[in-house]
Amino acid sequence: MTIDPRLSAEAPTVSLPENGLFLTDVWDGLAANPKTLSAKYFYDAAGSALFEKITVLPEYYPTRTELRILDERGPEIAAHLPEGAALVEFGSGSTVKLRRLLRHLPGLSAYVPVDVSAEFLAEQAEALRADLPALPVEPVVADFTRPFALPQSLSDRPLAGFFPGSTIGNFEPAEAARLLDGFGRILGEGATLIVGVDLVKDRAVLEAAYDDAAGVTAAFNLNLLHRINRELHGDIDPETFAHRAVFTEADSRIEMHLVSRVAQTIHVAGRAFAFAEGESIHTENSYKYTIASFRALAARAGWSAVEAWTDADGLFSVHALRRMG
């Protein structure tokens, strides 16, 4: 671990709690220069609830636009999946988007939701079974960013993947390519992958989507500090940090930061971290693509472009990809 030279040498440390990986990542991130925290830690119970509120905000176009594409172009999208396919959804979470696609897939032989949250996964699977008793639902508890095994029962079926929500944009381009390649290794040669991808657009539209007038996205970002306090014995005053979202054209990404309003020292599990006034913690990137740039990324990861669908305003896209041999 690289330690920021401004850390207090006298600050006592405590033993790692059960969520030691979270603590290690926070220590490493706050000791880095510039400071950073992983966006995957946004999603505790409070953060997940706030994100659900974000998805229905007037400024936040991605969710409703993707749903509209799935509704309006669903038959065309479904036509690219082979009859009798098993559909693997990576990072499944809620089944809202899946259900929009399922209505166009009567011949689906199985649905395989993959998520790290075992309890939530089980709840969603049970609800789907209740609504669609004829559809076999075989949940897999796994981190989709790492290799995992599919159920043996799928070994004789054609496979397809579903990765909606523009989650791909939260990964650095090289990481996104590795992720797509990993999906291909799991699904196999000839498999189809349906991916939601946010598109480059006017800066004002992008920044408003990540800095809404009601302050919900700010609360979502700041909740990360509340979580550190709750789970890692932090003494951070979230009121001393401000939410900032900015589009950096050179990198084609929205960056979210937590900016220290004052010079201060915070403590996490007994370790001290100094902040200058205006110094920030970089908490999330959300990369935006053109149709061409995403297809180029997919090609580097072993996928060929089949088709892409967008809304009338060109805000969002859904891609069908085929795994190359």
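**View 1. D212, a buried aspartate in the loop between α7 and α8.** In this predicted model, D212 sits in the loop between α7 and α8 and counts as buried because its relative accessible area is just 5%, where the cut-off for buried is under 20%. Its side chain reaches the backbone nitrogen of G215 at 2.8 Å. Setting aside neighbours within four places in sequence, D212 is in contact with L57, E59 and T217. Take L57 from that list: D212 and L57 are 155 residues apart in sequence, yet their C-alpha atoms are 7.7 Å apart in space.

**View 2. T55, in the loop between α2 and α3.** T55 is found in the loop that runs between α2 and α3 (61–78). Is T55 buried or exposed? T55 counts as buried, because its relative accessibility comes out at 11%. Once neighbours within four places in sequence are left aside, T55 is in contact with Y60 and T63.

**View 3. The largest nonpolar core and its best-connected members.** This core has 39 residues, and the ones touching the most other members are V26, L30, I228, F241, V268, F273 and I281. Which elements each supply at least two residues of this core? They are the helices α1 (20–31), α2 (45–54), α7 (203–209) and α8 (216–232), plus the strands β7 (241–248), β8 (253–260), β9 (264–268) and β10. α8 gives the most, with seven residues. Apart from this core lies another one, of 35 residues, with F90, F163, A177 and V195 among them.

**View 4. L30 and the residues around it.** Here we zoom in on L30, one of the residues that touch the most other members of the largest nonpolar core. Ignoring neighbours within four places in sequence, L30 is in contact with K35, T36, L37, I266, V268, F273, F275 and I281. Of those partners, V268, F273 and I281 are also on the list of residues touching the most other core members.

**View 5. The cis peptide bond from N33 to P34.** P34 is found in the loop between α1 and β1 (35–36). What is the geometry of the peptide bond from N33 to P34? The bond is cis, with omega near 5°. Most peptide bonds are trans, for context.

**View 6. E279 paired with K35.** E279 lies in the loop between β10 (271–275) and β11 (280–287). With 16% relative accessibility, E279 counts as buried. A polar contact of 2.8 Å joins its side chain to that of K35. K35 turns up in View 4 too, as a contact of L30.

**View 7. A269, a non-glycine residue with a positive phi.** A269 lies in the loop between β9 and β10. Its phi is positive, about 50°, although A269 is not a glycine. Most residues other than glycine have a negative phi. Where accessibility is concerned, A269 counts as buried because its relative value is 3%.

**View 8. S252 and E249 in the loop between β7 and β8.** Two residues of interest share this loop: S252 lies in it, and E249 has its place there as well. S252 is another residue other than glycine with a positive phi, near 55°. What about E249, buried or exposed? E249 counts as exposed, because its relative accessibility is 61% and the cut-off for exposed is over 50%. E249 and F220 are 29 residues apart along the chain, and 24 Å separates their C-alpha atoms.

**View 9. The largest cavity and its lining.** Rolling a probe the size of a water molecule over the atoms shows where empty space is left. How many cavities of 30 Å³ or more does the count give? The count comes to one, and about 40 Å³ of space lies in the largest cavity. The lining is made up of S92, G93, T95, Y111, P113, L121, Q124 and A125. By type, these lining residues divide into four nonpolar, four polar and no charged. Both β3 (110–115) and α5 (118–131) supply at least two residues of the lining, with α5 giving the most, at three residues.

Definitions and conventions
Residues are numbered from 1 along each chain as its sequence is written. This is a predicted model: local features need pLDDT of at least 70, side-chain atom pairs count only at pLDDT 80 or more; totals for chains, interfaces and linings use all residues. Side-chain values use heavy atoms; hydrogens and water are left out. On a 1 Å grid over the protein atoms alone, a cavity is a set of points where a 1.4 Å probe fits but cannot get out, and a pocket is an open set with protein on both sides within 12 Å along at least five of seven lines; lining residues have an atom within 4 Å of a point. Grid points are joined across faces, edges and corners, and a volume is the space filled by probe spheres set on the points. Helices (H or I, at least four residues) and strands (E, at least two) are DSSP runs, numbered from the N terminus. Ala, Val, Leu, Ile, Met, Phe, Trp, Tyr, Cys and Pro count as nonpolar, Asp, Glu, Lys and Arg as charged, and the others, Gly among them, as polar. Buried means under 20% relative accessible area, exposed over 50%, partly exposed in between (1.4 Å probe, protein chains only). A polar contact is a pair of N or O atoms within 3.5 Å; within protein, one must be able to donate a hydrogen and the other to accept it, and residues adjacent in sequence count only if both atoms are side-chain atoms. A nonpolar core is a set of buried Ala, Val, Leu, Ile, Met, Phe, Trp, Tyr and Cys residues joined through side-chain atoms within 4.5 Å. Contact means heavy atoms within 4.5 Å.
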